[in-house]
Amino acid sequence: MRYLIIGAGAVGATIGGRLAEAGRDVVLVARGVHARALRDQGLTLTTAQGTRVHRLPVATDPEELGALRPDDVLLLCVKTQDAVAALETWGDAEVAGGGTAAQRLPVFCAQNGVEGERMALRRFDRVYGVCVWLPSDFLEPGKVSALCAPLTGILHLGRAAGGADATARRFAADLEAAGFEAPVVEDVMRWKYAKLLGNLGNAVQATTGPEPAPAKAALLLRAIREAKAVFEAAGIAYASDAEQSAAREGKVVPPPGVRGGSSWQSLHRGTGSIEADYLNGEISLLGRLHGVPTPVNETLRHAANIFAREGLPPGSMSIADLTALADEAEGRAQGRA
């Protein structure tokens, strides 16, 4: 199997680099200055085991690789707002022996949120979900760090439509050889919906900073309460806190200190976009479909998008101001009830 890491950022480059360390065949797919850095200087990957420079093949599109191989595995690691373009580009790629990648190759969606799998299922026959617990940093081109120990991360795998198969198990075996735990589960989306609850705080962190504070925890709790009400109305199952704690306890331990999450890192790098539409926005969408008000999540979604669109520095809003906006939105929602 050859792994095409589509979106070799914090998560993608960590997985790709660790697979390469374990002797697996890996191609990194990236864009712009990051792709140039990967080609010119290699991937500098720092883990709890130290820093290594990986000189791996780098591509920006399928044409640079020619026909894809029948044993290729696509690992989709781009942010969800970039997923459609990536899926269209790589789904149309020809595979040696006939057919396209969308017709013949598996795609694993290693992304926050739950929309990536739905996007992929519109185009690909073989779609898998990946619930990613992999704290990692990507702040400058060509350099990624993932410092958790004793495992680099935990990646639950399974077919997006439910179930598991030999492809998922083979990928899991390669991941476990590379320093990850990779449980193959029948209900991967249940794990991804549970992960989504924690990711609702990405917008809080991006706009007000990664430093913990009681007011930030309180606002996140309000967003999670909305989400759980929405899940109940929609009949969506999710892994419990106890299940998640049992799966992670003592296995993925970050080093001391405060780090910015993926949305904060997007603002720091000035990408111009952020994944809030597919995190807090997923709750807004479900709330509208099922008649459940979600004013806190809508406030967080809107604020994060303003930061990305206007290029505002991450963490430059006070938690008091953000909470006040959420209070106002909640008051308006109650007035309409």
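This briefing covers the sheet, the nonpolar cores and the surroundings of Asn112. The model is predicted. Its open sheet has 8 strands with mixed pairing, and its largest nonpolar core holds 45 residues.

**Sheet and helix α3**
- The strand order of the open sheet is β5-β2-β1-β6-β7-β8-β12-β13.
- Because β5 (58–59) and β13 (180–181) each have a single partner strand, one side of each has no neighbour in the sheet.
- Strand β6 (residues 72–76) runs parallel to β7 and is joined to β7 by 3 bridges; Leu76 has Cys109 of β7 as its bridge partner.
- Helix α3 (residues 83–91) lies across β1 (2–6), β2 (25–29), β6 and β7, at about 165 degrees to β6.

**Nonpolar cores**
- Within the 45-residue core, Leu219, Phe231, Leu300 and Leu322 touch the most other members.
- Elements that each supply at least two residues of this core include β8 (126–133), α9 (214–234) and α14 (319–336), while α7 gives the most, with 7 residues.
- Beyond four places in sequence, Phe231 touches Tyr193, Leu196, Leu197, Ile236, Tyr238, Ile283 and Leu286.
- Another core, of 39 residues, lies apart from this one and has Ala10, Val26, Val132 and Ala172 among its members.

**Asn112**
- Asn112 sits in the loop that links β7 (106–109) with α5 (115–121).
- Asn112 counts as buried because its relative accessibility is 15%, against a cut-off of under 20%.
- The side chains of Asn112 and Glu275 form a polar contact of 3.4 Å.
- Outside its neighbours within four places in sequence, Asn112 is in contact with residues including Thr80, Lys195, Asn199, Ser262 and Leu279.

Terms used:
Residues numbered from 1 in each chain as written. Predicted model: local features only at pLDDT ≥ 70, side-chain atom pairs only at ≥ 80, totals over all residues. Heavy atoms only, no water. Helix = DSSP H or I, 4+ residues; strand = E, 2+ residues; numbered from the N terminus. Buried < 20%, exposed > 50% of the residue type's maximum accessible area, 1.4 Å probe, protein only. Polar contact = N/O pair within 3.5 Å; in protein donor to acceptor, adjacent residues only side chain to side chain. Contact = heavy atoms within 4.5 Å. Pairing = 2+ DSSP bridges. Axes fitted to C-alpha atoms, helices over the stretch in contact; angles between N-to-C directions. Core = buried A, V, L, I, M, F, W, Y, C linked by side-chain atoms within 4.5 Å.
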